[in-house]
Structures are given as C-alpha cells and as structure tokens.
Amino acid sequence: MKYIYCLFLVLFISFATSAKAVMIGENIDVNHYEIHLNTIDFTNRNFEAVTTVSLTTKTNTDVIHLELKSLIVDEITSNDASISTFSQEDDLLIIKLSSALAENTQASFTISYGGNTFNESWGGIHWSNDYIYNLGVGFDSQPHNLGKTWFPCVDDFVDKATYEIYITIPEEMTSSCGGILTESISNNDGTKTDYWVVDQEIATYLISFAAGDFLLWEDTYQGMERDIPINVYVRPNQIEKVEATFANIKEITAFFEERFGPYPFNRIGYVSTSLGCMEHIDNIAFASSLITGTTNLDSESFIAHELSHMWFGNLTTCSTAGD
C-alpha cells in the first residue's frame, strides 16, 4: 500500500509539474506577429509560411511554448536567443533555449513551417475552389481559439499583439485581411505580395486573411471622430448585390457609436465566405448566402451582430474560453 501511495504521489507531482510547464503564455507576453504566407497551393490545399514572433519575457525563461495546429515546423532562428532544440507535441510548439533569457527581455523568433491545414465543421482554414479564408474560432475545438491553425502563437483571449501580414497570391487574385492594405508588390513571376498592417493590439482569434477572385465595393462612413472606409469584398457575381444588402450599414454604425463610443478599428470590412459569420477585426467573414441584393432583416441582423463585436468581444475581450 505504501508503494502504491508513493507511486501515486510521484505521478501526481510529475503531472502537476508538466501541467505547470506548459501554461502557454505564462512566462511570455507576445507583442507583435509578422506573418508571411509565402506559398498558397490551391490545388493541394496547403501552404508554406514564416512567422516572426516578437515577445517580452515575464520571468527568467529557458523554454518558450507556442501553439501551432496541424502545420509542421521546419526551422526556428533567433538573433536574440540561442536555441538548443525545438519539438512539437500535438498543438504545442516547444522551443528550448541554450541559456535562459532574463525577465523583461525582448526577443524575436522566426519560425518556418507549412503543410496541410486544419479545419473543423466550422472554424479553421477553409478552401472553396480557388478561395481560401480562415475562421478564427470553432465550435468543436476546446478551447475554441483557432489562430493556431495558420501561425504559431499564444492562442488565448488575454495575450494581445499587433500584426503585419504579407500574403503572396497570383496577380489576378485579391486578398482581404485584417488591418489596412499598405502596399501590393509585384514579384515579376505571376504573383504579388500584399502587405496588411494592424496597429491595434488584438487577440489571435480576431486576425484574419482571405484570398480569391474578389471584387471590392467601397464607401465611406462619416464617423463620430473620423471618416471610416467601408470595404466589402465579394465574388464577381455578387458585386451588384452589395449596395442593397448593406443599405443601412451607416445607420447601424451610427447607432453603435452613439451608444458605445467612436468606432475603435481601422475600417468597416466584410468579406464573402462560404461559411460565416465571424467578427474578425476589419474583415468580418460574412456568409455569401446573406448577400441577397435586397434589404432584409435576416441579412441585417448578421451585419449588425458582427459589427457590434467591434466594441463587445473585440475591443473588450473575454478573459477565458468559458467566458
């Protein structure tokens, strides 16, 4: 009996130590993600990418834990830390350092990775012919944050960061991502790289990307403090339906501003997706079936609901998955 008790105690201590060791984000605060989606293969439905994670240590740290789902890491480099080894265990990416970083040290890690993408019944990375997009949360996954399906991250509600996204796509395609499109560079090989910037600190599930044969419908809302661009990215056969579908978007935004304060992000943005709807910042995934070419209560309820999240859910965010 004494032997069994001792064995149980050892296993309990081991489990507790292990559980403590993988409290992701406990010893780091991520400040910024620079995401490069370099090669998107629409035929085989995979991509290759590089993400630089810039962080500040909260304690003396000799191991960095991040999350990455389904995708495989090829290489990790850093100019700020000496990397001993790295490994992947399910969704966990473990970076072991040769020597510890002191508390309050800033460091960046550049991670090369790729492979086949993950999606569940709703969330994750979705492919639809020559279209790709992400949905930042899922209904099946627990916890349901799914930023980890396209870049290595601290995938919770609390650790917020700024973002840069470089997305390389065929010249004839259009990207729609969170933030502001700052530059589009021709690579002189039939592809271009679009550069998007999010200056606000946001949670990982709220950053987004989409690419495909989109057309852009534009307008401007005269907001409480500034003029705000309205961007709606849709498939070509939907472009004539946007104006009527979104006929009351300015009135809806004014209603929210009057009650909750000035619009907090870069633009009012929607993108047509085969599945939706999801409140990504600047780039709300909006189910294509709701773009009807008529002003109707069903579509408007989703337009308004997702836009309301800019104040409640995006600016003010849950602290736990249970919330």
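**Loops, cysteines and exposure**

Me: Cys-277 lies in the loop between β17 (268–273) and β18 (284–287); what makes a run a strand here?

Reply: Strands are DSSP runs of E with at least two residues, helices are runs of H or I with at least four, and both are numbered from the N terminus. The model is predicted, so local features need pLDDT of at least 70 and side-chain atom pairs pLDDT 80 or more, while totals for chains, interfaces and linings use all residues. Residues are numbered from 1 along each chain as its sequence is written, and side-chain values use heavy atoms, without hydrogens or water.

Me: What kind of peptide bond joins Gly-276 and Cys-277?

Reply: The bond between Gly-276 and Cys-277 is cis, with omega about 5°. The bond from Gln-142 to Pro-143 is also cis, with omega near -5°, and Pro-143 is in the loop between β9 (131–135) and β10.

Me: Why is Cys-177 not counted in a disulfide?

Reply: A disulfide requires two cysteine sulfur atoms within 2.5 Å, whereas the closest cysteine sulfur to that of Cys-177, in Cys-153, is 16 Å away, and therefore too far for a bond. Cys-318 is in no disulfide either, its nearest cysteine sulfur, again that of Cys-153, being 17 Å away. The count by this rule is 0 disulfides.

Me: How do you know whether Cys-177 is buried or exposed?

Reply: Buried means under 20% relative accessible area, exposed over 50%, and partly exposed in between (1.4 Å probe, protein chains only). Cys-177, at 0%, therefore counts as buried, whereas Cys-318, at 30%, counts as partly exposed.

Me: What makes Asp-90 exposed?

Reply: Its relative accessibility is 76%, so Asp-90 counts as exposed. Asp-90 lies in the loop between β5 (83–89) and β6 (92–101), and its phi is near 55°, a positive value in a residue other than glycine.
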